[in-house]
Amino acid sequence: MKSNLLLILAAGIVGLSACTNNSNKTTTSNADSDSVSTTVMIPDSSNFSATIDGKQAGLYVLKNKNNVQVAITNYGGRIVSILVPDKDGKIVDVALGYDKVAGYQQANEPYFGALIGRYGNRIGKATFTLDGKAYNLPANDNGQSLHGGPKGFHAQVWDAKKVNDYTLELSRVSVDGEEGYPGNLTVKVIYTLTDDNAIKMDYSATTDKTTVLNLTNHCYFNLNGEGNGDINDHILTINASKFTPVDATLIPTGELKDVAGTPFDFTKPTAIGARVNADDEQLKMGKGYDHNFVLTDGSKNLKQAAFVVGPKTGITLEVLTNEPGIQFYGGNFLDGKLNDCKGGKPYQHRTGFCLETQHFPDSPNKPSFPSTTLKPGETYQTSTLYKFGVQK
Ligand code: BGC
């Protein structure tokens, strides 16, 4: 037993430091035996030490009093690893990703774990008009703009300030015209790992010209552990009685459709895979779930948007936000072709899901949707929490 305690202690000490040269190894003892049952790793921070576009990238590790650890790189503000205990106290990494920064740079899926901006999800025909002026964006998705463009926030090195063991501040100025968007935008995102096992993300921004903004996080989760099978068995609840149907280019039609009586009804806990192959036009459009849900509580209060359980581990994820919508994306485009994922495991079809809190896709072209316009003198402010627990 002593040796296990020492290992846990050692893991704790290593975990306290950001940008160390060693991997942060967390080990747990099996309650019934003296043997170490699991070893999950925070990637070696030296694999994240790189100069990208003249700026220093690194890996920052947050740790709370429960020994939960979250690793974040300032390359794209990405959540790299989330180490949480399962129902037996075994430590599991529930975030998909890479164990080196080069993996994120080369991936044909560029959004693993990423901070998305300036505009989460799609803008139709990669264009919008503000105050009578048309703005054209890089069309990086089948003629549409997706996730802020190819050099969006996910592909930028952010200025990083590790405030303490559990807080990381990322900031940058996105200059006027970056990826086609107007205004010099000063953005800050504060990641806090709380002692009740939540990753809190506080986004704020100001602009010197009227612009549009919709920030989110694109973490892929697998609550049974990354690389541990598909997510179809996960039990999902989304507190939304409507969703925004899309056309063949995944741009919302503008309609708010009732989920009742459709495979989009997650108002009661339901397995993700239970209806994913149903004969449904919207599921065909999205190649599965890839839709924005309209939160029933559309207020600016922090409220529960979604709750997910990974049945193999009992690990739960509660998503809280003050945003009006959430994109539920079921990993439909993961195809096992991504090499060099964490632990060398390829991520197959639907082995991760995203719950991206947001304003609705294509809002700049949909006057009936809640506005994403940010004006000089205003402060953009949103918060989202990914809170982890266990269900026995
Ligand atoms: C979008 C998907 C897209 C994916 C890229 C999601 O937010 O809704 O359509 O393929 O991001 O990773």
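**The ligand site and three loops**

Good morning. In this structure, the ligand sits in the largest pocket. Please bear in mind throughout that the model is predicted.

Let me begin with the surroundings of the ligand. Which residues come nearest? Of the 13 residues around the ligand, they are Glu109, Arg122, His218, Asp290 and Glu356. Sorted by class, the shell around the ligand consists of five nonpolar, four polar and four charged residues.

I now turn to individual atoms. Glu109 places a polar side-chain atom 2.6 Å from an oxygen atom of the ligand. For Asn121, the distance from a polar side-chain atom to a ligand oxygen is 3.0 Å. Tyr220 also takes part: an N or O atom in its side chain is 3.1 Å from an oxygen atom of the ligand. How much of the ligand does the protein bury? Taken alone, the ligand exposes 310 Å², and the protein buries 96% of that.

Let us move on to the loops, starting with Pro364. This residue belongs to the loop between strand S28, residues 354–358, and strand S29, residues 373–374. Which residues does Pro364 touch, if we leave aside those up to four places away in sequence? The answer is Tyr119, Ile123, Phe128, Val212 and Thr372. As for Gln56, 308 residues of sequence separate it from Pro364, and the two C-alpha atoms are 34 Å apart in space.

Two features of the backbone complete the presentation. As general background, most residues other than glycine have a negative phi, and most peptide bonds are trans. With that in mind, consider Gly117 and Arg118, which are joined by a cis peptide bond with omega at about 0°. Arg118 is in the loop between strand S9, residues 114–116, and strand S10, residues 122–123.

The second feature concerns Asn142. What is the sign of phi at Asn142? It is positive, about 55°, although Asn142 is not a glycine. Where is Asn142 found? Its place is the loop between strand S12, residues 133–136, and strand S13, residues 145–146.

To close, I would return to the ligand, of whose exposed area the protein buries 96%, and to Glu109, which is among the residues that come nearest to the ligand. Thank you for your attention.

Key. Residues numbered from 1 in each chain as written. Predicted model: local features only at pLDDT ≥ 70, side-chain atom pairs only at ≥ 80, totals over all residues. Heavy atoms only, no water. Near = heavy atom within 4 Å. Polar contact = N/O pair within 3.5 Å; in protein donor to acceptor, adjacent residues only side chain to side chain. Areas by Shrake-Rupley, 256 points an atom, 1.4 Å probe, with all protein chains shown as cover. 1 Å grid on protein atoms, 1.4 Å probe; cavity = no way out; pocket = protein on both sides within 12 Å on 5 of 7 lines; lining within 4 Å. Sits in = over half its atoms within 2 Å of the grid points. Nonpolar A, V, L, I, M, F, W, Y, C, P; charged D, E, K, R; others polar. Helix = DSSP H or I, 4+ residues; strand = E, 2+ residues; numbered from the N terminus. Contact = heavy atoms within 4.5 Å.
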